[in-house]
Amino acid sequence: MKCIFCGNLDSKVVDSRTNDATNSTRRRRECTSCSKRFTSYETVEVIPLLVVKKDGRREAFNKHKVKAGMVKSSEKRPISIAQIDEAVEEIEKKLTSTLDQEITSQRIGELILEQLKRLDAIAYVRFSAVYKHFSDITSFLDYIKKLEAELSTTKKKAQQLSI
């Protein structure tokens, strides 16, 4: 880090503190040449995620939209806002950890379904009904039967593990 007083390129860190609110690190530094102290702030450069829509349009990722969709499908269900917020954070973490700058809306929908399946089967089915665009009642009923079979298999495995 370049000294702001003498221009020397060598300094040592005397104190370092992170600020979670601003996602930055404050460092007190001391120049090895003139011994004067100065402060530097470091932030991680966040690359914005772009969502590629089905029609090819691109827009910035908006976790509020994800949350709104999850809240809507969870209405009148025993799911707290804290659980939804945690699920949204998990989705955002998965998306940013891929290091891809562009994510398809389909991938986001799949991640939402994963989280809702974990939280509540009814909320999962509600979101699925909108997300998957079923062509008729028969295909929707087939989907529900498949989900019911998966859930019963999961319950049986959980019971076997607890024995």
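Is the crossing of α4 and α5 right-handed or left-handed? I put this to the structure, which is a predicted model.

**Entry 1: the helix pair**

I recalled that two packed helices are described by the angle between their axes and the distance between the axes. I therefore looked up both values for helix α4, residues 121-131, and helix α5, residues 137-162: the angle is about 150°, and the axes lie 12 Å apart. Angles over 145 degrees count as roughly antiparallel, so α4 is roughly antiparallel to α5. As to my opening question, I found that α4 and α5 cross in a right-handed sense.

**Entry 2: the residues in contact**

I next asked which residues of α4 meet α5. From α4, I noted A121, Y124, V125, S128 and A129. Their partners in α5 are F140, Y143, I144, L147 and L151. Sorted by class, this contact of α4 with α5 comprises 9 nonpolar residues and 1 polar residue, with no charged residues.

**Entry 3: backbone angles**

I then turned to phi, bearing in mind that most residues other than glycine have a negative phi. Which phi does K76 have? I read a positive value of about 60° for K76, although this residue is not a glycine. K76 sits in the loop between α1 (63-73) and α2 (81-97). Its relative accessibility is 83%, so K76 counts as exposed.

I looked up L99 as well. L99 is not a glycine either, yet its phi is positive, at about 65°. I located L99 in the loop between α2 and β6, the latter being residues 102-104. Is L99 buried or exposed? With a relative accessible area of 75%, L99 is exposed, the cut-off for exposed being over 50%.

Definitions and conventions:
Residues are numbered from 1 along each chain as its sequence is written. This is a predicted model: local features need pLDDT of at least 70, side-chain atom pairs count only at pLDDT 80 or more; totals for chains, interfaces and linings use all residues. Side-chain values use heavy atoms; hydrogens and water are left out. Axes are lines fitted to C-alpha atoms, for helices over the stretch in contact, and angles run from 0 to 180 degrees between N-to-C directions. Helices (H or I, at least four residues) and strands (E, at least two) are DSSP runs, numbered from the N terminus. Angles under 35 degrees count as roughly parallel, over 145 as roughly antiparallel, 65 to 115 as roughly perpendicular and the rest as oblique. A crossing is left-handed if the near helix is turned anticlockwise from the far one by less than a right angle, and right-handed if clockwise. Contact means heavy atoms within 4.5 Å. Ala, Val, Leu, Ile, Met, Phe, Trp, Tyr, Cys and Pro count as nonpolar, Asp, Glu, Lys and Arg as charged, and the others, Gly among them, as polar. Buried means under 20% relative accessible area, exposed over 50%, partly exposed in between (1.4 Å probe, protein chains only).
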